[in-house]
Structures are given as structure tokens and as C-alpha cells.
Amino acid sequence: MSSALLSVENAVVDLPTPRGNLRAVDHVDLAVGAGRTLGIVGESGCGKTMLSRAILQLLPKKAKLSGRVMFDGQDLTRLPAEKLRKLRGRSLAVVFQDPMTSLNPVLTIGTQLIETIQEHLELDLAQARQRSIELLAAVGIPAPEQRLAQYPHQLSGGMRQRVAIAVALSCEPQLLIADEPTTALDVTIQAQILDLLAREQQRRHMAMIIITHDLGVVAGRTDEVAVMYAGRVVERAPTPALFKQMRMPYTEALLAALPKLDVAPHTPLPAISGRPPDPTRPLKGCSFSPRCRYSAERCGTEKPQLSTAETPEHLYACFHPIAARVGA
Amino acid sequence: MLFFVARRLLYLVPVLIAVSVLTFVIASLLPGDLAYVILGDQATPENVAALRHDLGLDQPIWLRYLGWLWHIVQGDFGRSFRTGQTVLQAVSERVPISFELMILAELIGLAIGVPLAIACAAKAGSAFDRLMTGSAFGMLSVPTFLSAILLIYLFAVELRWLPATGYVPFTEDPLANLRFMVLPALTLGLAEWPGIMRVLRSDMIAALQEDYIALAKAKGLKPSRILFVHALKPSSLTLVTITGINIGRLIGGAVIVETIFALPGIGRLLVGAILTRDLIILQGVVLLVGAGFVIMNFIVDLLYALLDPRIRHGHA
């Protein structure tokens with residue numbers, strides 16, 4: 001853990017709402033080593049976006065964050081605003097979900113790239129322009145020089161996301177957080193964007209966190225996966241180990257809910273029944289127990305803690321993990 | 001862009017025709033026959049009938065309208081039967097005064113409203129924000145005649161810094177001209193800033209919630225750049241609208257303020273024309289003012305396109 005580039009330690013995010021306190025992130029521990037890729041998977045509202053905003057210190061003003069976010073030896077939660085600003089965009093970059101709203105509609109692509117480069121690197125305008133052109137070319141945008149003078153609305157969604165990635169990569173960050181980078185895009189574009197991210201990560205040797213609701217996205221593209229449910233990490237494992245033997249019934253249900261191409265037409269998807277619990281009314285026991293088909297009495301009264309499986313890297317929070325049940 | 005301008009210019013034609021019809025009909029509906037106004041109450045019916053015939057008043061209204069429009073298209077707006085001055089002469093004499101007043105008032109309104117709006121949006125919900133929003137509400141409900149009198153009392157009567165009424169042309173003595181203009185412009189500016197401030201503040205607060213602001217922060221940009229470039233530019237559209245409407249409104253002269261401060265602008269020309277039943281001047285001035293308003297809105301449209309590339313490219 002100490003060698004990790006980023007480690008989130010005991011992070012809790014509380015949001016005051018009219019209906020009471022909403023615990024969006026509940027005692028989360030995570031770590032990413034330099035050059036490694038972590039996938040964070042979970043359904044909408046499980047706290048994964050709040051977690052990413054907590055890492056970037058971009059939480060809404062009302063939100064309260066406790067715990068530590070250690071990045072490159074510094075606790076981001078205690079960093080003065082000016083030091084944090086020098087880190088953001090320079091060492092710590094982000095790609096948001098929706099490229100339709102994450103680029104400023106009234107500024108040109110060139111302005112939005114060059115302002116980032118000039119903020120952090122000692123380059124004059126011509127050099128920053130040149131670098132922008134190279135970046136746009138690197139993320140696969142044709143005619144990059146002409147694009148600089150264009151506005152976001154003149155590009156397609158996929159192209160805009162490429163621009164957003166170019167912005168994120170512009171100062172060679174050590175860590176890139178991609179928050180559902182393909183959710184708002186056409187299916188045909190999704191794979192291209194994910195491949196682009198993977199390629200640039202390899203080439204620049206940066207660490208990356210991919211946040212997604214789609215287990216399929218993280219399957220071949222991450223070193224480690226953390227599955228979140230109701231604000232908590234419920235299973236965490238190296239990607240191959242997870243897909244070989246998932247322990248948490250929720251992870252299994254998420255995988256089963258993925259549409260597959262090889263089933264007969266009109267086969268209903270095995271969707272997860274019910275909804276996540278109301279985050280302003282936390283459950284006493286396991287948050288997944290009301291929807292879990294293996295739920296037993298103990299699951300409703302006691303919260304399972306993360307415990308290790310056969311290897312110390314594989315953690316899960318369940319009283320009735322899948323493999324153990326088969327043996328019983 | 002050229003196509004955009006041409007299309008907008010084409011839209012102006014029906015609007016201007018509608019303005020001219022309305023102006024003419026309203027002026028015709030005013031009580032009192034022009035012939036009686038000119039001849040006075042000693043006129044014999046024969047004289048009145050003869051004059052009505054000379055003026056074309058015995059013709060149906062649509063024919064009179066077309067005749068009036070025909071003259072206007074040729075640049076002839078008519079002539080006051082009292083002073084003998086043509087409408088164009090009277091207006092061109094007074095437009096610079098109202099125009100200067102309007103520009104100064106708008107500059108004062110913007111100079112107070114814009115910085116306050118930015119400061120309030122940056123600290124939305126703070127004590128400062130609440131105080132300023134409250135003051136704006138208060139100022140909105142103060143009528144100009146009241147603030148005019150208070151300003152005169154303070155600066156002209158008590159402090160004796162500025163003259164209360166009067167006017168000197170700018171070309172004659174620029175400094176004296178400005179001294180006469182300060183109080184009327186301040187009166188109008190004090191009425192302008194609350195609207196400007198409230199609209200820009202709420203637009204900027206909305207813009208600051210946008211994803212692109214979160215990304216701008218995540219890019220490590222300076223807070224000033226985020227506020228003044230990333231948030232202010234997309235928020236300035238309604239600011240342009242409200243400024244345009246204010247200017248358009250003030251082209252017609254500020255009737256009350258010009259009267260209180262004895263400024264010989266368009267507003268006082270209108271009041272004078274109404275009081276003396278000078279219908280020719282009245283309908284000519286109203287038409288020109290209406291046209292000015294419409295053209296101002298056209299300029300606002302062009303500014304929109306300049307500020308928002310999506311409008312320029314026909315996407316929005």
C-alpha cells in the first residue's frame with residue numbers, strides 16, 4: 001500500500017439532504033500503483049462518481065469528506081487550494097462522462113487545450129499550439145490543425161470525448177480518472193474510446209481509474225477491480241482472479257445482467273430485482289441482502305466486513321460467498 | 001455569417017411596417033381634429049372643411065396611411081404646423097442628448113451591476129450575496145422621479161457639487177456638458193443596475209453548476225479564469241438582451257428624467273408634441289423611436305451570434 005501512487009484511506013462522503021444525511025461513500029479503501037489500472041464498478045447511485053469527485057476534491061460544497069486521499073505522498077484533503085490547483089490537470093487529470101456538457105460551449109477546442117497546457121507547462125503560445133495539434137492527432141482526431149478553431153458543437157460525441165481525453169492527457173498526468181467515459185457514447189464508439197485510453201495509458205505509463213457500471217468494460221482493460229454497492233466496496237480483486245471466481249453475490253448478479261450476444265432471442269435479461277437501499281436510511285445488515293437470493297438471517301442484522309479469500313489481494317464483504325456455498 | 005445578417009435584416013421589414021401602422025392608427029385615434037387644432041375655436045365650418053380637404057383629412061384612413069408612408073419612404077416625415085420644423089430636424093437636434101444620456105446611464109448601470117453580479121455569483125448564498133440581492137430588490141422599487149429628487153437634494157442642494165437642471169451641448173463645452181449629465185444619468189443608472197445584476201447573477205450561478213466548470217477546476221485553471229472566462233462568457237447572453245432592451249427603451253428618451261432635469265431630449269419633444277397636439281411631430285417621432293428600438297434588437301441578435309458560436313452556426 002505504501003508504494004501506491006494514490007491511496008484512498010477510510011474515505012467517507014456525507015451529503016446533507018432535506019431527507020437527512022446521505023452517506024454517498026462509506027468507509028472506502030482503495031489504492032492504485034503507478035502505471036496500473038483500477039476499475040470501479042457499480043450501478044447508478046452506488047457512490048462511484050462521488051468517490052471520484054472526492055479524490056479530485058471536487059465534491060459539492062455541502063458535502064463532507066473524511067478519511068485521507070494520499071496522492072504521491074500528499075494528503076489531498078489537507079492540501080491548500082493553490083497547491084491542489086497546481087496538481088489538478090498537471091498530475092491528476094479527469095475525463096467526465098458526458099462530452100456534450102464537459103466542454104465549454106463558447107470556447108474553441110484550441111482555447112480549452114492551450115489554456116490547460118499554458119497553466120501548467122512553461123510553453124509559449126506557439127509551442128502550446130503545436131502541442132495541442134500533436135495531442136489531437138494522438139487521440140485520433142483527423143485534421144487536428146483545423147479543429148483548434150472549432151467549437152465543441154461542431155464535433156460529434158465521440159470526437160468531443162477524444163478532445164476531452166486530449167485535454168486530460170495534455171500535461172502528461174501521473175493519474176487519469178475516467179468517470180464513465182463511454183456511457184454517453186454510441187456502442188460502436190465505446191470500444192474505440194476505451195482502446196484509445198488503454199493505448200495512451202501504456203504509452204505514457206500513467207495510472208488510470210476507470211469508473212463504469214459495465215463489468216464488460218473493465219474485464220480486459222484493468223489490473224484490479226473494485227465493486228461498489230451502496231457507497232461501500234463489496235468486493236475487490238485482481239481482475240483475472242475476480243472473473244475466475246467472484247465471491248460476492250452482487251458481483252455475480254452484475255455480470256449476469258450484462259446482455260450477451262450468444263443467447264436465444266427474447267431471452268429475458270436476469271436483471272437484479274429491486275433497487276439499491278435508500279442511502280439516507282442505511283440498513284443495519286448487508287446493504288445488498290434485500291435483493292440477494294442467498295440472503296440469510298445474519299445478513300439482515302450484521303454488516304459483513306471485507307475479508308480475504310484464498311489470496312490476500314482478493315477481498316469481499318459477504319457472509320455467504322459464492323464458492324463457499326457450493327462447498328457447503 | 002453574411003447569410004445570418006441578411007436573414008435577420010429581412011425579418012425587420014414586416015416588423016417596421018407593423019410599427020408604422022400602429023403608430024398611425026394610434027395617432028389618428030387621438031381625440032381632436034387636426035383642423036380645429038390648427039385653426040383654433042374661432043374657425044368657421046367652411047374654413048375647417050377647406051383645411052381638412054387641404055390636409056387630406058376627408059380621405060379614408062387607409063388612403064391617408066398610404067400617403068404618409070409614401071412620403072416617409074421618400075424621407076419626408078412631415079413638418080410641425082406650429083414651429084415649421086420638419087420631424088427629421090426636430091429629432092436630429094434632440095437625439096444626441098437622449099443618446100448621450102442613454103449611453104451614460106447604461107454605462108453606470110453596467111459598472112455597478114456586472115461586478116456585483118460576479119461577486120454575488122462567486123459567493124452565492126453568503127451574507128454579501130443576500131445583502132446585495134436585497135438591495136437590488138429595494139432599488140427596483142424606487143421610481144426614478146424619487147431617486148432624481150433625492151439625488152438633486154443631495155448633490156445640488158446640500159453638497160452643491162453639481163447643477164440640478166440645464167444643458168450645454170457637448171461640442172460647446174464638454175466638461176460643463178458632463179456636469180449637467182451626471183445627475184440624470186446617475187438617476188437612470190441606479191434604476192438599471194438591479195435588473196442587470198439579478199439576471200447576470202442567476203445566469204452565472206447556473207453556469208457555475210455546469211460540468212464544464214467542474215472540468216475547468218479539474219484542469220487546475222485559476223479561479224479568476226474560471227469565473228471571468230468559463231462562467232461569464234456563456235452567461236453574458238441575457239446580459240446583452242437586457243442591455244439592448246434598456247438602450248432601446250431609452251432611445252425614446254427618458255420622459256420623466258428629461259423633464260425633471262430640463263434636458264431637451266426626445267422625451268421632452270414627445271411630451272411637448274402631446275401637450276400642443278402636434279400630431280405630425282408626434283407620429284413621426286413615435287415611428288422613429290419604434291424603428292430605433294427594432295434596430296437595437298437587431299443589433300442584439302448580431303451580438304448573440306458573436307458571443308455564442310452555436311447561434312452563429314445555426315445550431316441553437
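**Exercises on a predicted model: His27(A) and strand pairing**

His27(A) is partly exposed, because 16 other C-beta atoms lie within 10 Å, where buried means 20 or more such atoms, exposed 12 or fewer, and partly exposed in between, with C-beta atoms placed from the backbone. This is a predicted model, in which local features need pLDDT of at least 70, side-chain atom pairs count only at pLDDT 80 or more, and totals for chains, interfaces and linings use all residues. Residues are numbered from 1 along each chain as its sequence is written, while chains are lettered from A and ligands numbered from 1 in the order in which they are written.

**Exercise 1.** Place His27(A) in its strand and list what it touches beyond four places in sequence.

*Solution.*
- His27(A) belongs to strand β2 of chain A, residues 20-32; strands (E, at least two residues) and helices (H or I, at least four) are DSSP runs numbered from the N terminus.
- Leaving out residues up to four places away, His27(A) touches Asn10(A), Val12(A) and Arg232(A); contact means C-beta atoms, placed from the backbone, within 7 Å.
- Asn10(A) is 17 residues from His27(A) along the chain, yet their C-alpha atoms are separated by 4.6 Å.

**Exercise 2.** Find the pairing partners of β1(A) among β2(A) and β4(A).

*Solution.*
- With β2(A), β1(A) forms 9 antiparallel bridges; pairing requires at least two DSSP bridges.
- A hairpin of 2 residues joins β1(A) to β2(A), and Leu15(A) stands opposite Leu22(A) in β2(A).
- β1(A) (residues 6-17) also pairs with β4(A) (residues 64-71), antiparallel over 7 bridges.
- Val12(A) has Ser66(A) as its bridge partner in β4(A).

Note on methods:
Contact = placed C-beta atoms within 7 Å.
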